[in-house]
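Please open the structure in your viewer and keep the sequence beside it. The tour below moves step by step, telling you what to select and what to look for.

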Amino acid sequence: MHWNGKDSTVYQAQKEFIDTAVIPLIQIDGSDEGFQFAASAADFTLSLANVIENQFKGRIVLFPSFSYTKSQDKQLVFKDWQEELNKASFKHIFYVTSDREWSTMGEEQNIIWIPSVPLDSMDQKMRNSVLEDQLRQLIPIFAKKWAN
Amino acid sequence: MSNNKVSRRQFLSYTLTGVGGFMAAGMLMPMVRFAVDPVLQKKEGGDFVLTEKKIADITEVPERVDFTFEQVDAWYKSDITNSAWVYKEGDEIIALSPVCKHLGCTVNWEADPAHKNQFFCPCHAGRYEKNGKNVPKTPPLGPLDQYEVRENDGFLEIGKAIPNTLV
């Protein structure tokens with residue numbers, strides 16, 4: 001499900017089945033050296049999030065990405081999202097990111113860290129096959145967390 | 001010689017017929033065009049999409065085939081890639097939609113080691129038999145949709161989704 005009016009109606013009706021929130025985390029970097037890399041990583045993360053949504057459409061809600069700058073307090077971000085999404089009774093929250101820093105913050109936070117692949121120079125077909133490959137590796141991760 | 005001369009009366013009647021004919025045609029033409037317009041309408045997309053899959057390569061094991069078509073959303077055009085599970089049943093080619101009938105996840109062939117020879121939906125463990133029939137006591141309530149298929153020069157073409165005809 002996407003975060004839009006039509007899908008959220010389905011969500012409200014099928015809450016027992018749709019129990020997972022997916023939030024892409026996107027780093028914004030304004031510095032000369034990091035600008036291009038951050039943009040490319042954002043492109044990758046968002047594309048991957050869409051592929052994940054397509055695969056698990058009936059069990060997840062893909063939220064709009066959360067963009068942050070380096071200096072923001074990451075722990076606080078977790079807390080806020082958690083509190084808000086608990087109101088909507090999500091059982092699982094997954095964060096998808098290619099920013100390494102999140103992955104060092106503890107397993108229990110459900111971070112899915114995937115190193116970014118530069119998709120810029122690829123044509124559509126190549127992009128799709130790269131993303132499909134990544135998705136194949138993610139399916140067991142989701143399945144495992146859901147099984148617990 | 002004299003019988004070739006055009007009289008004033010003849011001249012006037014020819015000219016009036018000619019001009020009148022043009023005027024009548026000017027009125028009738030648009031009417032006729034409006035009347036036959038539905039027949040001349042060109043069919044909008046929706047037809048078959050050529051894939052890169054050779055007919056000869058299709059086996060009895062369902063295999064994923066991607067196909068891309070252009071979708072026009074108001075003024076915004078985008079390429080949409082869909083996929084189908086394609087296999088051969090005797091001489092017939094079957095293409096099933098991978099969209100789970102429960103809540104729209106993507107199903108995969110033999111994705112669950114415990115249930116060989118079935119499609120499996122990882123979201124809520126929905127299962128389908130090879131012909132798309134949903135396995136009772138799993139969440140899906142109907143069989144997988146089917147795609148229309150045809151051959152074009154040795155390659156597979158996939159058309160629009162239709163309700164499953166195999167179950």
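The stops that follow start with a whole chain, go on to one sheet and end at a contact between chains.

Before selecting anything, bear in mind that this is a predicted model. Now select chain B and turn it slowly: along its principal axes the C-alpha trace spans about 105 × 35 × 30 Å. Its radius of gyration is 30 Å, whereas a compact globule of 167 residues would have a value near 15 Å. Of the 167 residues in chain B, 25% count as buried.

Next, switch to a cartoon view of chain B, where you should find one helix and nine strands. Following the chain along the sequence, you meet the helix and then the strands, in the pattern α-β-β-β-β-β-β-β-β-β.

For the next stop, select strands S5, S6 and S7 of chain B, which form an open sheet in the order S5-S6-S7 with antiparallel pairing. Strands of a sheet pair through backbone hydrogen bonds, either parallel or antiparallel. Strand S5 (108-109) and strand S7 (126-129) of chain B are the edge strands, each pairing on one side only. Zoom in on strand S6 (residues 118-121) of chain B, which pairs with S7(B) in the antiparallel sense over four bridges. Within this stretch, pick out Gln118(B), which stands opposite Glu129(B) in S7(B).

Finally, show chain A together with chain B: how many residues does the contact take from each chain? The contact takes twelve residues from chain A and eleven residues from chain B. Colour the chain B side by class, and you will find five nonpolar, five polar and one charged residues touching chain A.

Technical notes
Residues numbered from 1 in each chain as written. Chains lettered and ligands numbered in written order. Predicted model: local features only at pLDDT ≥ 70, side-chain atom pairs only at ≥ 80, totals over all residues. Contact = placed C-beta atoms within 7 Å. Nonpolar A, V, L, I, M, F, W, Y, C, P; charged D, E, K, R; others polar. Pairing = 2+ DSSP bridges. Helix = DSSP H or I, 4+ residues; strand = E, 2+ residues; numbered from the N terminus. Rg over C-alpha atoms; globule rule 2.2 N^0.38 Å. Buried ≥ 20, exposed ≤ 12 C-beta atoms within 10 Å, placed from the backbone.
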